[in-house]
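Work through these exercises with the model open. Try each task before reading its solution.

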Amino acid sequence: MLHKKEFFSVRTSAVQAFNNTFDVYASGHKPDQIFYILTKKFLNHINSFAVILNGTNFNDISDNTDQVDHASAKVLLRAAFESYLTMSHIFFNDSKLTDYRILLYQYSGLKERIEKLPREDLDPTILEKISKEEETFKQLKDSIFKQGAELNINKKYIKKALSEGWRAGNGWITIGERSSLPKKYVETVYPYLCGYSHSGYESYMQLICDEMLSLEELECKQSSLYFWATFLLAYFCQSYVSFTTNFKSDVELEGLTDVGNFLLKYKNIYPN
């Protein structure tokens, strides 16, 4: 299967690039660590996607239950998609806004946890941790307004971001259109994957169709998924290598020939 072979080739390049450089991020300051974790999260989703597409079963309970679980693979691919868009928005799109967006990203995560975590009957050590996080939360808010002023960002926009989250009310499609990914790819692939995450009726229709497909037809569906995943991986590789070589001058990464060849080969599928 052509696209499966391409997927594993580009996956190898992505993992090797990460393995050769992750220590400069993992051992760095907070922004570097956030970048490291987001990258690892992205690659883990991609890896689990490949494991599931290789076939799953319930043979430990019942014989002859081998299947290709397309629905779960699509949920994981969507998660990888969002991980890449998060990295792109914070780190790749506009370097002068990176520090500001990192603060917003941290603030939004703490806000979610502080507001939704139940306080009743909690262990004193957990309550102490919450108290420290609340203090960090207040400090982040002050830092956001300070950096926002230095960047001449409108206070109205800052308040909107503090209220609505680090994406400031922008949907994933909008964030995707501002990334390096081709607009047509974002607008076509992401909504399709969302149907499986949200258990929409469209996912039901697809899964009913799967029940009636032959093995050859299921493999054809696999091919499309491998292609979409490889496309995402290839853009990740380009962005990761560019970002790392620009901001970590002591790191050297070879040009990823297979990535460039893949994108050149399919440049007309999703033109920019």
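**Exercise 1. The overall fold**

What percentage of the contacts in the protein chain with a separation of 6 or more comes from residues 24 or more positions apart? Then describe the chain as a whole.

Solution.
- The coordinates are a predicted model.
- Residues 24 or more positions apart supply 73% of the contacts with a separation of 6 or more.
- Count the elements: the protein chain has 12 helices and zero strands.
- Next, its extent. Along the principal axes, the C-alpha atoms fill a box of roughly 60 × 50 × 35 Å.
- Finally, burial. The chain has 272 residues, and 44% of them count as buried.

**Exercise 2. Helix α6 on its own**

Find what span helix α6 should have at 1.5 Å a residue, and compare it with the model.

Solution.
- Helix α6 covers residues 124–150, which is 27 residues.
- The expected span takes 1.5 Å times one less than the number of residues.
- That gives 39 Å, and the end C-alpha atoms are 39 Å apart, so the two agree.
- Now look at which side chains face inward. Ile 130, Glu 133, Phe 137, Leu 140, Ile 144 and Gly 148 of α6 are buried.
- An α-helix has 3.6 residues a turn, so residues three or four places apart point the same way.
- The buried residues of α6 pack against α5 (98–116) and α7 (155–164).
- Just past the end of α6, Asn 152 has a positive phi of about 60 degrees.

**Exercise 3. Two helix pairs**

How are α6 and α7 oriented to each other? Do the same for α4 and α5.

Solution.
- Start with α6 and α7. Their axes come within 10 Å and cross at roughly 150 degrees.
- Angles over 145 degrees count as roughly antiparallel, so α6 and α7 are roughly antiparallel to each other.
- Their crossing is right-handed.
- On the α6 side, the contact uses Lys 141, Ile 144, Phe 145 and Gly 148; α7 contributes Ile 158, Lys 159 and Leu 162.
- Turn to helix α4 (residues 70–92) and α5. Here the axes come within 8 Å and cross at roughly 135 degrees.
- This pair is therefore oblique.
- Thr 86, His 89, Ile 90 and Phe 91 of α4 meet Thr 98, Arg 101, Ile 102 and Tyr 105 of α5.

**Exercise 4. The nonpolar core**

Which residues have the most contacts inside the largest nonpolar core? Trace the surroundings of one of them.

Solution.
- The largest nonpolar core holds 73 residues.
- Phe 42, Phe 49, Phe 81, Tyr 84 and Phe 236 have the most contacts inside it.
- Helix α11 (residues 215–247) gives the largest share of this core, 14 residues.
- Take Phe 81. Beyond its neighbours within four places in sequence, Phe 81 is in contact with Leu 181, Tyr 185, Val 186, Val 189, Tyr 190, Leu 193 and Leu 232.

**Exercise 5. Two residues of helix α1**

Is His 3 buried or exposed? Answer likewise for Ser 13, then list their partners.

Solution.
- Both calls use one cut-off: buried means under 20% relative accessible area.
- His 3 is found in helix α1 (residues 2–19). Its relative accessible area is 16%, so His 3 is buried.
- Setting aside neighbours within four places in sequence, His 3 is in contact with Ser 223, Tyr 226, Phe 227, Thr 230 and Tyr 266.
- His 3 and Ser 224 lie 221 residues apart in sequence, with their C-alpha atoms 7.6 Å apart.
- Ser 13 is in helix α1 too. Its relative accessibility is 8%, so Ser 13 counts as buried.
- With the same neighbours set aside, Ser 13 is in contact with Cys 237, Leu 256, Asp 258 and Val 259.

Terms used: Residues are numbered from 1 along each chain as its sequence is written. This is a predicted model: local features need pLDDT of at least 70, side-chain atom pairs count only at pLDDT 80 or more; totals for chains, interfaces and linings use all residues. Side-chain values use heavy atoms; hydrogens and water are left out. Helices (H or I, at least four residues) and strands (E, at least two) are DSSP runs, numbered from the N terminus. Buried means under 20% relative accessible area, exposed over 50%, partly exposed in between (1.4 Å probe, protein chains only). Contact means heavy atoms within 4.5 Å. A nonpolar core is a set of buried Ala, Val, Leu, Ile, Met, Phe, Trp, Tyr and Cys residues joined through side-chain atoms within 4.5 Å. Axes are lines fitted to C-alpha atoms, for helices over the stretch in contact, and angles run from 0 to 180 degrees between N-to-C directions. Angles under 35 degrees count as roughly parallel, over 145 as roughly antiparallel, 65 to 115 as roughly perpendicular and the rest as oblique. A crossing is left-handed if the near helix is turned anticlockwise from the far one by less than a right angle, and right-handed if clockwise.
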